[in-house]
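Got a model open and want to practise reading it? Let's go through it feature by feature.

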Amino acid sequence: MNMYNSGNAERPMLFLPMKYLEEVRGARSNVMSLPKALDQRAGLDKIGGFLLSEHVVSVVRLAMTRALTQLTPEVNDKCVAAYKEFMPPCTEWTEVNTMQLILRIWTRMISHVIVGAELSQSNAWLEEMNLFVPTCIKAVFSLRNGYSSSTYWLARYTNNDIKAIFRLRSRVAKLLEPLLRDRVEAVRLRTQDDTGRKKIDLHADAIQWFVEEYTRRGIKPTADQLAQDILTLSLVSLASTTATTLGVIYDLLDRPDSLLEIKQELKQSFGGMGDKISRQALSQLIVLDSFAKESQRLNPINQISMHRLVLQDHTFKDGLRVPAGTDIGFTNEQISKDSATWGEDGDKFDAHRFLRLRETGESADSRAPMTAVTHDMLPWGTGAHACPGRFLAADGIKMMVLNLLFMYDVKYPAGITSRPKNDDAHLTMGPAAKMPLLFRQKGTYGFD
Ligand code: HEM
């Protein structure tokens with residue numbers, strides 16, 4: 001067991017051995033809480049109301065997941081369009097900051113799901129999204145460095161970084177207001193429709209899902225409430241997916257044989273591209289899936305998983321006592337490289353590790369896919385809070401990789417021969433974000 005928290009030295013965190021995982025996984029939310037842990041760690045609730053409330057989680061877990069089959073081809077179209085929009089001209093090898101590129105592309109894709117076809121494509125929305133995460137990070141540090149729990153309430157009136165995030169939230173609310181009005185009206189009309197006809201899904205986007213969720217839960221549907229919830233969704237989905245995608249790209253550049261094998265798999269599945277991208281087709285990319293999961297196993301972007309705030313004094317079955325107010329978690333990297341689970345080569349990249357598991361493992365279907373939630377690696381957490389966005393995230397990563405390989409050649413810049421050291425900060429461990437890669441547009445698109 002270990003106490004340390006590089007993210008916030010004033011709030012040490014208890015890192016638990018794996019034997020406690022089952023108990024933490026099964027703990028009731030009034031005993032151990034994820035949203036309260038995140039709020040304590042970052043104070044996001046105090047700097048803009050960005051809280052993983054039940055209705056936010058429910059929208060992702062139920063409505064979004066149900067809509068994925070319908071949305072996948074549309075999200076793929078946004079991916080292709082975003083590559084064309086954000087990739088600079090590159091008929092010759094051209095340096096591009098890949099983290100920024102992928103972030104913009106994923107923003108367009110995820111925004112299609114979150115705010116719908118129209119707003120997601122507007123530059124006003126993109127500008128707010130580009131500002132959002134950096135503004136949030138600044139605000140988190142200002143809150144942490146300048147205030148204590150008794151003065152948090154003052155922060156939004158006195159600190160410029162925190163004022164900035166509230167201003168951003170108001171601007172986002174203004175962008176959402178006309179859409180919200182239309183959707184509230186649509187839900188009202190639909191509720192009035194008692195003809196017994198099958199209810200149509202009016203809009204497959206999170207604005208619609210939130211309005212329905214507010215109606216069910218008796219929450220007042222204001223533009224400000226919607227802005228908080230939409231921004232919370234953006235926060236949990238943007239950085240994690242972008243960083244994981246960049247990690248996969250670096251790992252592919254390090255392994256030309258795997259790159260070739262994956263291109264062959266893509267060629268077989270999507271030789272002519274066109275309108276063939278579907279959830280079903282993506283689920284058949286098992287070589288890419290195995291590769292991306294191995295990339296995630298060796299470089300989990302969160303250093304800790306199952307972060308919980310203990311709300312009541314708790315005694316584990318073996319007698320370990322943890323007082324209320326303790327932050328607890330499990331260290332991702334140690335778990336996912338543990339030689340007891342992964343064998344002597346547990347710290348080596350094996351592109352076929354999960355492919356073999358699919359073919360030979362006794363629990364082939366449940367452990368091998370990238371989206372599997374298991375106890376031998378915890379990139380998505382586990383239990384009641386296991387990431388409900390992982391299906392969209394995994395599909396999104398595959399779409400970004402396959403469209404990149406279809407339209408561009410990519411390589412490291414001169415002097416770089418392998419994946420650079422990860423950026424390591426505040427309990428996250430993202431792939432090096434500043435290093436550019438070289439891109440060249442293909443004369444003829446394809447997976448050759
Ligand atoms: C590669 C990308 C992603 C990673 C690595 C990731 C990882 C995680 C992890 C570790 C948790 C906490 C689980 C726990 O402590 O038990 C979580 C929760 C969550 N994630 Fe993700 N996530 C990703 C993408 C997404 C996306 C794209 C969305 C939404 C569209 C999303 C929505 C959520 C939500 C709503 C929760 C809270 C669940 C709850 O409290 O029950 N995530 N995610």
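What follows is a short tutorial dialogue on this predicted model.

Q: Let's start with the ligand. How many residues surround the ligand, and which are the closest?
A: There are 28 residues around the ligand, and the closest are Ser237, Gly381, His385, Cys387 and Gly389. Helix H3 (54-86), helix H9 (223-254), strand E5 (304-310) and helix H17 (390-407) are the elements that each put two or more residues into that shell.

Q: Which element gives the most to the shell?
A: That's H9, with six residues.

Q: And how do the shell residues divide into nonpolar, polar and charged?
A: You get 16 nonpolar, twelve polar and no charged residues around the ligand.

Q: Does a record add anything here? Where does UniProt place the feature "binding site"?
A: The UniProt entry, which is unreviewed, puts "binding site" at Cys387. Cys387 is also among the closest residues to the ligand in the model. Look for Cys387 in the loop between helix H16 (364-367) and H17.

Q: Is Cys387 buried or exposed?
A: The general idea is to count neighbours: a residue is called buried if 20 or more other C-beta atoms lie within 10 Å of its own. Cys387 has 20 C-beta neighbours inside 10 Å, so it counts as buried. Beyond its neighbours within four places in sequence, Cys387 contacts Trp380 and Gly381, and Gly381 is another of the residues closest to the ligand.

Q: On to the core. Why look for a group of nonpolar residues at all?
A: Because in soluble globular proteins nonpolar side chains tend to be buried together. In this model, the largest nonpolar core has 97 residues, and Ile105, Ala206, Ile207, Ile230, Met400 and Val401 touch the most other members. Helix H4 (residues 98-119) supplies the largest share of this core, twelve residues.

Q: Take Ala206 as an example. Which residues is Ala206 in contact with, leaving aside its neighbours within four places in sequence?
A: The contacts are Val59, Met64, Val113, Ile114, Val115, Ile230 and Leu233. One of them, Ile230, is also on the list of core residues that touch the most other members.

Q: What about a polar residue in helix H4, such as Ser111: is Ser111 buried or exposed?
A: With 27 other C-beta atoms within 10 Å, Ser111 is buried. Setting aside residues up to four places away in sequence, Ser111 touches Ser120, Trp125 and Met129. Ser111 and Asp205 also show how sequence and space can part ways: they are 94 residues apart in sequence, while their C-alpha atoms are 8.9 Å apart.

Q: Now the strands. How do I read side chains along a strand?
A: In a regular strand the side chains alternate between the two faces of the sheet. Try strand E8 (residues 327-331): Asp327, Gly329 and Thr331 point one way, Ile328 and Phe330 point the other way, and all are buried.

Q: Which strands pair with E8, and in which sense, parallel or antiparallel?
A: E5 pairs with E8 in the antiparallel sense over four bridges, whereas strand E2 (residues 13-15) runs parallel to E8 and is joined to it by three bridges. To find the register, use the partners: Leu309 is bridged to Asp327, Arg308 to Ile328, and Phe15 stands opposite Gly329.

Q: What else does E5 pair with, and is E5 enclosed or open?
A: Strand E3 (residues 32-33) is antiparallel to E5, with two bridges between them, and Met32 stands opposite Val310. Seven of the seven residues of E5 are buried, so the strand is largely enclosed by the rest of the structure.

Q: Which backbone angle should catch my eye in E5?
A: Most residues other than glycine have a negative phi. Met306 has a positive phi of about 55° although it is not a glycine. Met306 sits in strand E5 and is buried, with 24 other C-beta atoms within 10 Å.

Q: Last one: is Asn159 buried or partly exposed?
A: Asn159 has 19 other C-beta atoms within 10 Å, so it is partly exposed. You'll find Asn159 in the loop between helix H6 (152-158) and helix H7 (160-192). Apart from neighbours within four places in sequence, Asn159 contacts Ser142 and Gly146.

Key
Residues numbered from 1 in each chain as written. Predicted model: local features only at pLDDT ≥ 70, side-chain atom pairs only at ≥ 80, totals over all residues. Near = placed C-beta within 6 Å. Nonpolar A, V, L, I, M, F, W, Y, C, P; charged D, E, K, R; others polar. UniProt positions renumbered as here; feature names shortened; annotations may be inferred. Buried ≥ 20, exposed ≤ 12 C-beta atoms within 10 Å, placed from the backbone. Contact = placed C-beta atoms within 7 Å. Core = buried A, V, L, I, M, F, W, Y, C linked by C-beta atoms within 7 Å. Pairing = 2+ DSSP bridges.
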